[in-house]
Amino acid sequence: MRRLILSDIHANIDALEAVLAHAQSRYDEIYCLGDVVGYGACPHEVVDWSRRFVKKILRGNHDRAVAGIENLDWFNPVARAAVLWTREQLSKDELRWLAALPEGPLLLDDCELVHGSPLDEDEYLVCSSDVAGLDYALRRPMCFFGHTHLQGGWEWRRRQPVPLSMAGLPYSETVVDLAPGSLYLINPGSVGQPRDRDPRAAYCIWDTEQRTLAFHRVEYPLERAQLRIRNAGLDSWLADRLVLGR
Ligand code: ZN
């Protein structure tokens, strides 16, 4: 089985379409790690696509906020305004779908899906000290997470978390051979708002038969996404940051 793993699409339909075109015919099913909406200007399109094509999905903090089941005090003013704008764009049915997205971890036969961390859906796993000891919390050899918008991950060998690529960020076009007996905590990166200084949309493909994990980055019509954000009246920083990759 070849699984397309996506996270943090954030209502960026231009980035999503580029990822799907790039990954075309190289996957069998799609998993999504949450934050389908928030920040970007096409929440309806991305929700509609997610409902139709994503096999396994769980909620992110922005999905919760837009659905009205999150205290907005935790959001900065720009993110909060985007949440309120997004809520206006979606139908009652779409908001109900967002509200019903399951909280992670989503425990599947051969992997675990979470938004933030296996212990807390809102926790950010950024550096190796953040994940030290987390191997005890993993209930499957593969765990996929998002939330940080940073592509990469860790492999546990003999209880030590080792960053997956020593080549440093970005992990563009890196194929990792999965070792039997190792544990993996993997972030596919963000489709719609990468924050690792590489503005290209990020995703990964997990091939369970070949036992490989391929990280990818894809250019997309960024100016179009920026224009949509400006035309929607959303904060211009949300457009500016796309080109900076942060
Ligand atoms: Zn996010």
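This tour moves from a zinc site to the strands and helices around strand 2 in a predicted model.

Begin by selecting the zinc ion together with Asp8, His10, Asp35 and His149, whose donor atoms (OD for the two aspartates, NE2 for the two histidines) lie 2.1 to 2.3 Å from the metal. Along the chain these donors follow the spacing D-x1-H-x24-D-x113-H. If you check the angles at the zinc ion, you will find that the four donor atoms subtend 86 to 178 degrees, which makes the arrangement irregular; four donors would count as tetrahedral if all angles lay between 85 and 135 degrees.

Next, keep Asp8 and Asp35, which are both buried, and display the backbone on either side of them. Asp8 sits in the loop between strand 1 (2-6) and helix 1 (13-23), while Asp35, 27 residues apart from it, sits in the loop between strand 2 (29-32) and helix 2 (43-53), so that the pair links distant parts of the chain.

Now select strand 2 and look at its side chains: Glu29 and Tyr31 point one way, Ile30 and Cys32 point the other way, and all are buried.

From there, add strand 1, which runs parallel to strand 2 and is joined to it by four bridges; at Ile5, look across to its bridge partner, Tyr31. With helix 1 included, strand 1 and strand 2 make a right-handed β-α-β unit.

Finally, add strand 3 (residues 56-57), which pairs with strand 2 in the parallel sense over two bridges, with Ile57 opposite Cys32. Strand 2, helix 2 and strand 3 also form a right-handed β-α-β unit.

Technical notes:
Residues numbered from 1 in each chain as written. Predicted model: local features only at pLDDT ≥ 70, side-chain atom pairs only at ≥ 80, totals over all residues. Heavy atoms only, no water. Donors = N, O, S within 2.8 Å, 3.2 Å for Na, K, Ca; no water. Tetrahedral: all angles 85-135°; square planar, octahedral: opposite > 155°, others 65-115°. Buried < 20%, exposed > 50% of the residue type's maximum accessible area, 1.4 Å probe, protein only. Pairing = 2+ DSSP bridges. Right-handed = clockwise from strand over helix to strand, strands pointing away.
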